[in-house]
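Work through the exercises below with the sequence and the model open. Try each task before reading its solution.

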Amino acid sequence: MTTLVSPPTKQHTVVDSPYGPLTLVATDGVLSALYMTDQRHRPPEETFGVPDPEPFPEVIRQLTAYFAGELTTFDLPLDLHGTPFQRSVWAELSRIPYGETRTYGELAEELGKPGASRAVGLANGKNPVGIIVPCHRVIGASGSLTGYGGGLDRKQRLLAFESGGLRNDGVQALF
């Protein structure tokens with residue numbers, strides 16, 4: 001007897017943000033991707049499914065609160081596809097507190113794999129839901145900004161925003 005499995009249903013919508021348009025993708029109604037324009041590892045748009053804002057009201061509400069400086073931790077169901085190691089890195093990224101950073105080496109240590117900082121970097125780069133799973137909070141061992149799928153300018157602006165040094169309109173905050 002053959003069991004038929006329906007392919008997953010995908011929908012997407014595009015929302016504005018202080019960092020440019022964000023494409024939200026849901027698989028069977030659960031957020032599975034957040035892509036920025038010109039993002040590295042962004043799949044072709046035809047894989048995003050039909051345009052439909054219906055599955056995204058809570059995602060949009062939380063992103064809006066985050067960009068307004070009112071939310072520091074996202075609480076959303078996610079449907080992330082990756083290897084077990086990638087998923088463990090993404091889970092660890094979610095534990096980095098708002099306004100703080102970690103190095104790739106520190107993440108590798110926290111995962112119990114002290115020699116795996118390069119592998120952590122590769123998994124970090126494949127994070128399908130940037131901002132929500134805060135891969136922008138990972139920096140190089142020297143404290144330098146290193147690769148970010150959304151571009152180093154966005155990474156710098158997100159870190160400055162979270163540290164209170166930049167408003168989301170790109171203007172330096174007054175202290």
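Two strands pair if DSSP finds at least two bridges between them. Helices (H or I, at least four residues) and strands (E, at least two) are DSSP runs, numbered from the N terminus. The model is predicted: local features need pLDDT of at least 70, side-chain atom pairs count only at pLDDT 80 or more, and totals for chains, interfaces and linings use all residues. Residues are numbered from 1 along each chain as its sequence is written, and side-chain values use heavy atoms, with hydrogens and water left out.

**Exercise 1. The sheet**

Task: Find the strand order of the open sheet of 4 strands, and say which strands stand at its edges.

Solution.
- Step 1. Start with the inventory: the protein chain has 5 helices and 6 strands. Along the sequence they follow β-β-β-β-α-α-β-α-α-β-α.
- Step 2. Pair β1 with β2. They run antiparallel and are joined by 6 bridges. T13 has L24 in β2 as its bridge partner. The two strands form a hairpin with 6 residues between them, and G20 in the turn has a positive phi of about 100°.
- Step 3. Pair β2 with β3. This pair is also antiparallel, over 6 bridges. V25 is bridged to A33 in β3. The hairpin here has 2 residues between the strands, and D28 takes a positive phi near 50°.
- Step 4. Add β4. It runs parallel to β1 (residues 10-15), with 2 bridges between them. H12 stands opposite P51 in β4.
- Step 5. Read off the order: β3-β2-β1-β4, with mixed pairing. β3 (30-36) and β4 (50-51) are the edges; each has a single partner strand, so one side of each is left without a neighbour in the sheet.

**Exercise 2. The cover on β2**

Task: How many residues of β2 are buried, and on which sides do they lie?

Solution.
- Step 1. Fix the cut-offs. Buried means under 20% relative accessible area, exposed over 50%, partly exposed in between (1.4 Å probe, protein chains only).
- Step 2. Count: 6 of the 6 residues of β2 are buried.
- Step 3. Recall the general pattern. In a regular strand the side chains alternate between the two faces of the sheet.
- Step 4. Split the strand. L22, L24 and A26 are buried on one side, and T23, V25 and T27 on the other.
- Step 5. Place a helix. α1 (residues 57-67) lies across β1, β2 (22-27) and β3, at about 145° to β2. Axes are lines fitted to C-alpha atoms, for helices over the stretch in contact, and angles run from 0 to 180 degrees between N-to-C directions.

**Exercise 3. Two helices, two buried faces**

Task: Which residues of α4 and α5 are buried, and what do they pack against?

Solution.
- Step 1. Take α4. Its buried residues are V120, A123 and N124. They fall within an arc of 105° seen down the axis, so they line one face of the helix. The arc is that of the directions from the helix axis to the C-beta atoms.
- Step 2. Turn α4 over. The face turned away from the buried side carries the exposed residues R118 and L122.
- Step 3. Find the cover of α4: it includes α2, α3 and β6.
- Step 4. Take α5 (residues 152-162). R154, K155, L158, L159, F161 and E162 are buried. Their arc is only 160°, which puts them on the same side of α5.
- Step 5. Find their neighbours: β3, α1, α3 (104-110) and β6. Just after α5, G164 takes a positive phi of about 85°.

**Exercise 4. Around C135**

Task: Is C135 buried or exposed, and which residues does C135 touch?

Solution.
- Step 1. Locate C135. It is found in the loop between α4 and β6 (138-139).
- Step 2. Check the record. The UniProt annotation "active site", from an unreviewed entry, covers C135. Positions are given in the numbering used here, feature names are shortened, and annotations may be inferred rather than shown by experiment.
- Step 3. Read the accessibility. C135 is buried, at 7% relative accessible area.
- Step 4. List contacts (heavy atoms within 4.5 Å). Not counting residues up to four places away in sequence, C135 touches L93, N124, N127, G130 and Y148.
- Step 5. Follow N124. It lies in helix α4 (residues 117-125) and counts as buried at 5% relative accessibility.
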